[in-house]
Amino acid sequence: MRKPTVDHDECIGDGICEQVCPEVFELRDDGLAHVINEEPDESLHDKIDEAIEECPTGAISWAE
Ligand code: SF4
């Protein structure tokens, strides 16, 4: 099962990932994006890939 992860050392909190895929990413009061769905359905994988591409710092990646 692939899991999306956010590297909090890289995240600048612009919220783009949440705009692209709010089912999986949430910007919180700490100013960082958090993964709220660790085992997203296959149907969300394209949107997660889009968030990975759109993230300006490359903070999002897939972990096995
Ligand atoms: S798009 Fe990248 S930098 Fe922006 S909030 Fe999401 S993880 Fe952080």
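I will go through the cavity, the ligand in it, and one pair of strands.

This is a predicted model. Let me start with the empty space. Rolling a probe the size of a water molecule over the atoms shows where such space is left. Here the structure holds 1 cavity of 30 Å³ or more. Its volume comes to about 100 Å³. The lining of this largest cavity is made up of 14 residues, and Cys11, Asp14, Cys17, Ala33 and Cys55 lie closest to the centre. By type, the lining has 11 nonpolar residues, 2 polar and 1 charged. Note that cysteine is counted as nonpolar in that tally.

Next, the ligand. Where does the ligand sit? The space it takes is the largest cavity. There are 13 residues around the ligand, and those that come nearest are Cys11, Asp14, Gly15, Cys17 and Cys55. The shell around the ligand splits into 9 nonpolar residues, 3 polar and 1 charged. If you have the structure open, Cys11, Asp14, Cys17 and Cys55 are good places to look: they are among the residues nearest the ligand, and among those closest to the cavity centre.

Last, the strands. Strand β1 covers residues 3-6. Which residues are on its covered face, and which on the uncovered one? Pro4 and Val6 are on the covered face, while Lys3 and Thr5 are on the uncovered face. The partner of β1 is strand β4, residues 60-63. The two strands pair in the antiparallel sense, over 4 bridges. Within that pairing, proline 4, from the covered face of β1, stands opposite tryptophan 62 in β4.

That is the end of my part.

Methods:
Residues are numbered from 1 along each chain as its sequence is written. This is a predicted model: local features need pLDDT of at least 70, side-chain atom pairs count only at pLDDT 80 or more; totals for chains, interfaces and linings use all residues. Side-chain values use heavy atoms; hydrogens and water are left out. A residue is near a molecule or strand if one of its heavy atoms lies within 4 Å of it. On a 1 Å grid over the protein atoms alone, a cavity is a set of points where a 1.4 Å probe fits but cannot get out, and a pocket is an open set with protein on both sides within 12 Å along at least five of seven lines; lining residues have an atom within 4 Å of a point. A molecule sits in a cavity or pocket if more than half of its atoms lie within 2 Å of its grid points. Grid points are joined across faces, edges and corners, and a volume is the space filled by probe spheres set on the points. Buried means under 20% relative accessible area, exposed over 50%, partly exposed in between (1.4 Å probe, protein chains only). Two strands pair if DSSP finds at least two bridges between them.
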